[in-house]
Every structure is written in structure tokens, then in C-alpha cells.
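Open the model in your viewer and keep the selection tool at hand. The stops below say what to select and what to look for.

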Amino acid sequence: MRGLVGEASWLTAGRLVAALFQAATFATLARNVSPTEFGYVAAVMSTLMVLGSLFDFGMGSLLLRERSAGAGLDFVCAVLRINGRTNAALAVVAVSGLSILALVGRSGVAWAAIPLCLWAVSEKNGQVWLLYAVAEGRTRLQFQTLMIRRAGGLGVFLCLLQVVEAPWAFSLGLVVASVAGNAYVRRRIGTPRAESLPPFREVLRSGWGYYVNSVATQARNLDVLVVHLVSGATVAGIYAVPARLTSPLRMLPTAVAPVVMRHTARDAAGASKAVAKLSLVVMGFMTAVMLTLAALAELAVDVALGPAYGDAVVPLRVLCGGLIFAFATSLLVAQLQGMGHSARVAKMSAAMAPLSLGLIAGGTYLGSATGACVGLAAGFALHAFAAGISLQSVRRPIAIESKVT
């Protein structure tokens with residue numbers, strides 16, 4: 001229990017501080033651009049995150065789970081090489097797509113968003129290496145790398161803001177900090193060496209369950225785009241305030257999830273009580289944080305963003321309640337994956353993602369930005385209940401899912 005709490009504490013502390021820096025970064029951008037421009041940048045980032053998951057193939061989660069369960073360095077090297085190749089493909093597709101949009105739209109903010117393609121590639125690559133570090137028990141590296149990424153991103157953004165327009169300063173700041181963070185973690189953990197690489201096709205096949213779950217989870221980041229299509233850029237900009245300013249807070253339980261998966265994979269039976277206690281502590285803490293944020297929503301929006309975003313107060317309060325269910329889902333899914341039931345998780349996530357986006361679209365049509373947040377919160381709640389029921393029905397862990405370890 002002590003080791004589990006220690007690792008979770010490092011990851012949670014890192015995510016918490018990083019969340020504050022990231023929220024400050026988004027708030028600074030929102031104060032220096034119009035709601036329409038902010039909504040466009042948020043939609044681009046959401047789309048890039050979904051695109052990144054399409055090129056991920058579940059390699060990060062597969063590496064964490066299988067290495068924790070005893071997979072060798074040959075398997076690790078195969079995953080890292082696949083990750084490198086998919087990163088190159090993602091860069092080509094993303095830059096090409098956004099360049100075409102910029103040429104067609106002839107918008108300054110559209111050109112400024114192109115560097116975010118490199119940010120998305122760097123984040124995707126870095127996440128896989130960080131999960132490898134967690135699998136090796138080096139959770140402090142994730143804390144340190146997060147500080148470089150988020151604090152550095154805000155610092156570079158503020159410096160560039162003095163010489164270039166806000167969208168350019170924002171994009172370039174994120175890219176510089178993310179690349180620096182990745183260089184740091186790769187240097188500290190080192191590159192593993194393999195004697196004989198397993199067939200890449202078999203490795204990719206082993207990760208399909210994690211891949212489906214990753215794509216389905218990231219598909220929810222299309223929420224801003226859905227709101228934009230239903231009600232226009234202004235409503236999307238208002239909705240993007242609670243959706244994106246709270247996104248760093250969503251990362252806190254996600255930070256604990258790798259530790260939960262790692263300990264469950266190593267000792268599914270023995271770790272259950274410790275994991276349950278840790279989950280209760282995390283849920284209690286995050287519930288208190290969300291209730292506090294909901295109570296201070298009006299003050300937070302007024303101070304951080306200004307009167308132009310006054311309509312975002314009620315949506316923010318609604319989403320704070322819904323995020324409590326999102327936190328529970330992260331922890332429940334991590335336990336299921338740690339026990340080797342990635343296929344079960346994949347099927348559940350594949351069903352919940354389109355349902356959630358449908359609820360957001362319906363809520364937007366009926367109630368503008370507030371309705372969209374109600375739809376998002378309802379999707380989180382349904383997913384949490386489904387994950388809880390699924391975990392209760394599971395009795396037997398699977399040792400190692402991959403056949404090529």
C-alpha cells in the first residue's frame with residue numbers, strides 16, 4: 001500500500017500543479033483573443049487529440065500493462081519503434097490537413113494553429129515514453145516532465161506574447177515546452193536494447209483493445225466541434241471555456257490510472273484492497289475540488305477571463321458535477337485493463353463515445369452551451385455506471401494478453 005500511495009502521490013502532485021499551469025495558459029489565451037478565435041483553437045486541439053489517438057494503436061497502454069505483467073525488453077523496443085513510425089505518419093497527415101484549411105480559410109488564426117500539429121506529435125510520443133517510465137517504477141520522471149511541459153509552455157507563451165500575436169505565441173510555446181520535456185525523459189530513462197524484435201503485426205494485434213478504448217475516449221474531444229456545427233462558433237467558444245479549462249483537472253485521476261493499472265497487473269488479487277482505498281481517497285479529494293470550483297465559478301470566470309465570458313458560469317457549474325463521474329470512470333477502467341480485460345473496456349468505450357457526442361449535440365440544440373454541458377455530464381455518468389457494473393462482474397484476471405512478449 002505504501003508503494004502504491006507513494007507513486008500515486010508523485011503523479012497526482014505533478015498533474016495538479018501541471019493542471020494549474022495549463023489552466024493559466026488557456027485563460028491567458030482566452031483573454032487575448034475573441035471567443036470565436038478561442039473556440040477555433042480549442043476545436044483544432046480537440047481534433048488533433050482525436051487524430052493522435054487514431055495513430056496511437058493503443059501502444060502506450062499496451063506497453064504499460066504488459067511490461068508491468070512481466071514482458072521483456074524485446075517487446076518494449078517493438079512498441080517504441082512502432083510508436084516512432086506512427087508519429088511520423090501523424091505529423092504528415094496533421095500538417096497537410098491544417099495547411100489546406102489555412103489556405104482555404106485565409107485566416108490568421110488558422111495559420112497560427114499549424115504548429116499545434118507538432119505539439120500533438122510530441123505529446124503522443126512523450127506519453128508512450130512516460131508510460132514506459134511508470135512501468136519501470138520511475139514515476140518521478142513523469143512529475144518532472146510535466147513541470148517542464150506545462151510550466152515551460154506558459155513561460156514561453158508569455159515571453160512570445162510580447163513579440164507576436166497571441167495564437168502564434170500559444171502554439172509555439174506549447175511546441176517548445178513539449179519537445180523539451182520529451183528530450184528530458186528520453187535522456188533520463190535511456191533507450192532499451194532488444195536482442196530479437198517480435199513481429200510488429202502481432203504487437204499491433206495485441207493492442208487493439210487499448211486502441212479502441214483510446215480512440216473512443218479521445219473522440220469525446222470532438223465535443224467543441226459538435227457544438228460548433230450545431231450552434232456556431234460563438235456558442236462553441238462559450239462551451240469551450242468550461243470544457244477546456246477543466247480538462248487539466250480531468251488529468252488528475254488519469255495520472256493515478258497508470259499506477260492502478262501497474263499494480264493490478266502485477267498482483268490483481270493482492271492489490272485490490274489497496275487500489276480500492278486509493279480510489280476512494282482520490283474520489284473524495286476530486287469531489288471536494290469540483291464542489292469548490294462550482295461554488296467559485298462566477299468569481300473564477302470573471303477574474304480569469306473577463307465579462308465577455310459571463311455566459312460560461314452556469315455551464316462550468318454543470319460540468320463540475322459531471323466530472324466527478326469522469327474521475328470514477330478513469331479509475332474503474334484502469335482496474336479492468338490491469339486485470340487484462342481490455343476487450344471488455346474497448347466494447348464499452350466504443351458504445352459510450354457516440355452516445356456522449358449525441359447527448360452533447362442534443363443538449364446544444366435544446367439549451368445552447370449549458371445544454372451541451374448537461375449532455376457531456378450525462379455521458380460521463382452513464383460511462384461510470386457501465387464501468388462499475390463491468391468491474392463487479394469480473395472475477396478472474398488475465399496474466400499477459402500479448403502472445404509476443
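**Stop 1: a salt-bridge network**

Select glutamate 123 and arginine 149: their side chains form a salt bridge, 3.6 Å from N to O. A salt bridge here is a side-chain nitrogen of Lys or Arg within 4 Å of a carboxyl oxygen of Asp or Glu. Glutamate 123 belongs to helix 6 and arginine 149 to helix 7 (residues 139–160), so the pair ties together parts that are 26 residues apart in sequence. Helices are DSSP runs (H or I, at least four residues), numbered from the N terminus.

This is a predicted model, in which local features need pLDDT of at least 70 and side-chain atom pairs count only at pLDDT 80 or more, while totals for chains, interfaces and linings use all residues. Residues are numbered from 1 along each chain as its sequence is written, and side-chain values use heavy atoms, with hydrogens and water left out.

Add arginine 150. Its salt bridge with glutamate 123 has the closest N and O atoms 3.2 Å apart. Arginine 150 lies in helix 7 and glutamate 123 in helix 6, so this pair ties together parts that are 27 residues apart in sequence. Salt bridges thus link Glu123, Arg149 and Arg150 in a network.

Now check burial. Buried means under 20% relative accessible area, exposed over 50%, and partly exposed in between (1.4 Å probe, protein chains only). Glutamate 123 is buried at 14%. Arginine 149 is buried at 4%. Arginine 150 is buried, too.

**Stop 2: another pair**

The whole structure has five salt bridges. One of them joins the side chains of arginine 65 and glutamate 66, at 3.3 Å from N to O. Arginine 65 is buried, with a relative accessible area of 1%. Glutamate 66 is buried at 0%.

Stay in this part of the sequence and pick leucine 62, in helix 3 (residues 59–68). Leucine 62 is buried, at 0% relative accessible area. Contact means heavy atoms within 4.5 Å. Beyond four places in sequence, the contacts of leucine 62 include Phe75, Val203 and Tyr210.

**Stop 3: a lysine without a salt bridge**

Go to lysine 124, in helix 6 (residues 115–135). Which side chain of opposite charge is nearest to lysine 124? Aspartate 56 is, at 4.9 Å, and lysine 124 is buried yet has no salt bridge. For charge, Lys and Arg count as positive and Asp and Glu as negative; His and the chain ends are not counted.

Show asparagine 83: its side chain makes a polar contact with that of lysine 124, at 3.1 Å. A polar contact is a pair of N or O atoms within 3.5 Å; within protein, one must be able to donate a hydrogen and the other to accept it, and residues adjacent in sequence count only if both atoms are side-chain atoms.

**Stop 4: two helices side by side in view**

Select valine 260 in helix 13 (residues 247–266) and glutamine 335 in helix 16 (residues 313–338). Their C-alpha atoms are 6.3 Å apart, with these positions 75 residues apart along the chain. Valine 260 is buried at 0% relative accessible area, and glutamine 335 is buried at 15%. Val275 is among the contacts of valine 260 and among those of glutamine 335.
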